[in-house]
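Biologist: I have a model open and would like to test the labels people put on it. Could you walk me through the reasoning behind a few of them?

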Amino acid sequence: MINYIKLIQYLIYAFFFTLVVSPLVISFIKREKVKQVILKYVESHSAKAGTPTMGGLIFLISIPVVSLICFNGESTLAKMSLIVFLAYGLVGFLDDFIKFKNKQNLGLKPYQKIIFQLLISVGIGFFVYNSMLGSVINIPFTNYLIDIDYWIIPLVAIIYLASTNAVNLTDGLDGLAGSTTMCYMTTFVVLLLAFLETGLIGTNVVMVNEFQNIAVLSVVTIGALLSFLVFNCFPAKIFMGDTGSLALGSLVASVAVFSGLELFIPILGIMFVASAVSVIIQVAYYKLTKKRVFLMAPLHHHFEQKGCHEVRITMCYSLITFFVGVVTILLNIL
């Protein structure tokens, strides 16, 4: 039986714990003078130069602490999600630290970042294949399950690479990645709980308990992000940096992959997809024609160049993510 009151309590715990942790981390980062270096070609962001970064440390602390306190019963998958969360957070931290050390917006080289991410993602693929989850995945908008055997390993690896980098690309405006991820997590946890209630997932008591703890992790993330946005919304007092965006991207993937709902990620995370696809289109088209499709990529910068204020862009990204999530939930449970 799912205890919805407790889930709300966990969200509140995460919110207030993060609210306490945030000023302490911000104070530490300011004292260490870890400041954001703004890319020269993003002229509209010149005023943001010097804003403290590495703010992802805030929820890298709060989400694991609150989650581990709130988990109940079988929680192997949820704990593995936290391990992956911290692993990707470490990669992001190394990237941010190198930027800070060299006083420029160039951290880990692209191939270094991809190698680190690939090692983690392939490892997760093998874990999933050999775990209680196996190689069975849910097909969106149907009641069908499909067993893809060892192909689950490359699929999971691709999902993590895509999710982490898509969230990282979306982290370009004050509060954008945080609010969009919060809306993704909100609709995802409702979908997960609906599937549990209707028996579409969870074939035994152990699996039900595992998925319930995935739900706990999701609501804790929502609470932590809601609190983080108090400091990260426009005008941001701190940026999450790659420390936060790569870690959040891994959570976007983990809660779905460890629930067998990985094919819902590009639907519920539609705006993450838009960010990634806009960059792919821009780069490919420019290499072919030396012309640009967008004024600037990722997509949110295109809207900025068109004169749209970043608060409006952030609001639209969040609302679209939430709306698509609600429609997805309704189509899957009706």
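Biologist: What makes Lys33, Lys35, Lys101 and Lys103 a patch of positive charge?

Modeller: Happy to explain, with the reminder that this is a predicted model. Lys counts as positive, and like charges are joined within 9 Å if their residues have over 30% relative accessible area and no salt bridge. Lys33, Lys35, Lys101 and Lys103 gather on the surface in such a patch.

Biologist: Why is Lys101 called exposed?

Modeller: The label needs over 50% relative accessible area. Lys101, which sits in helix H3, has 57%, so it is exposed.

Biologist: And what is Phe116 called, buried, partly exposed or exposed?

Modeller: Buried means under 20% and exposed over 50%. Phe116 has 35% relative accessibility, so partly exposed is the right term. Phe116 belongs to helix H4 and joins Leu90, Leu94, Tyr111, Ile115 and Leu119 in a nonpolar surface patch with about 600 Å² of accessible area together. Helices H3 (76–102) and H4 (110–130) each give two or more residues to this patch, and H4 has the largest share, with four.

Biologist: Now the charged pairs. How do you know that Lys99 and Asp95 form a salt bridge?

Modeller: A side-chain nitrogen of Lys must be within 4 Å of a carboxyl oxygen of Asp. For Lys99 and Asp95 the N to O distance is 3.3 Å, and a salt bridge it is. Both residues lie in helix H3, four residues apart, about one turn of the helix.

Biologist: Why are Lys99 and Asp95 called buried?

Modeller: The limit is under 20%. Lys99 has 16%, so it is buried, and Asp95, with 1%, is buried too.

Biologist: Which salt bridges does Asp242 make?

Modeller: One is with Lys99, where the closest N and O atoms are 3.7 Å apart. Asp242 is in helix H8 (residues 241–257) and Lys99 in helix H3, so this pair ties together parts 143 residues apart in sequence. Another is with Lys113, at 3.1 Å from N to O. That pair links helix H8 to helix H4, across 129 residues. Asp95, Lys99, Lys113 and Asp242 are thus linked in a network of salt bridges.

Biologist: Last one: how do you know that the size of the chain agrees with a compact globule?

Modeller: For 334 residues, such a globule would have a radius of gyration near 20 Å; the chain has 19 Å, so the two agree. The C-alpha trace spans about 55 × 50 × 35 Å along its principal axes, and 53% of the residues count as buried.

Notes:
Residues are numbered from 1 along each chain as its sequence is written. This is a predicted model: local features need pLDDT of at least 70, side-chain atom pairs count only at pLDDT 80 or more; totals for chains, interfaces and linings use all residues. Side-chain values use heavy atoms; hydrogens and water are left out. Patches are made of residues with over 30% relative accessible area and no salt bridge: like charges are joined within 9 Å, nonpolar side chains (Val, Leu, Ile, Met, Phe, Trp, Tyr) within 5 Å. Accessible areas come from the Shrake-Rupley method with a 1.4 Å probe; for residues, only the protein chains shown count as cover. Buried means under 20% relative accessible area, exposed over 50%, partly exposed in between (1.4 Å probe, protein chains only). The place of a charge is taken as NZ of Lys, CZ of Arg, CG of Asp or CD of Glu. The radius of gyration is taken over C-alpha atoms; the globule rule is 2.2 Å times the number of residues to the power 0.38.
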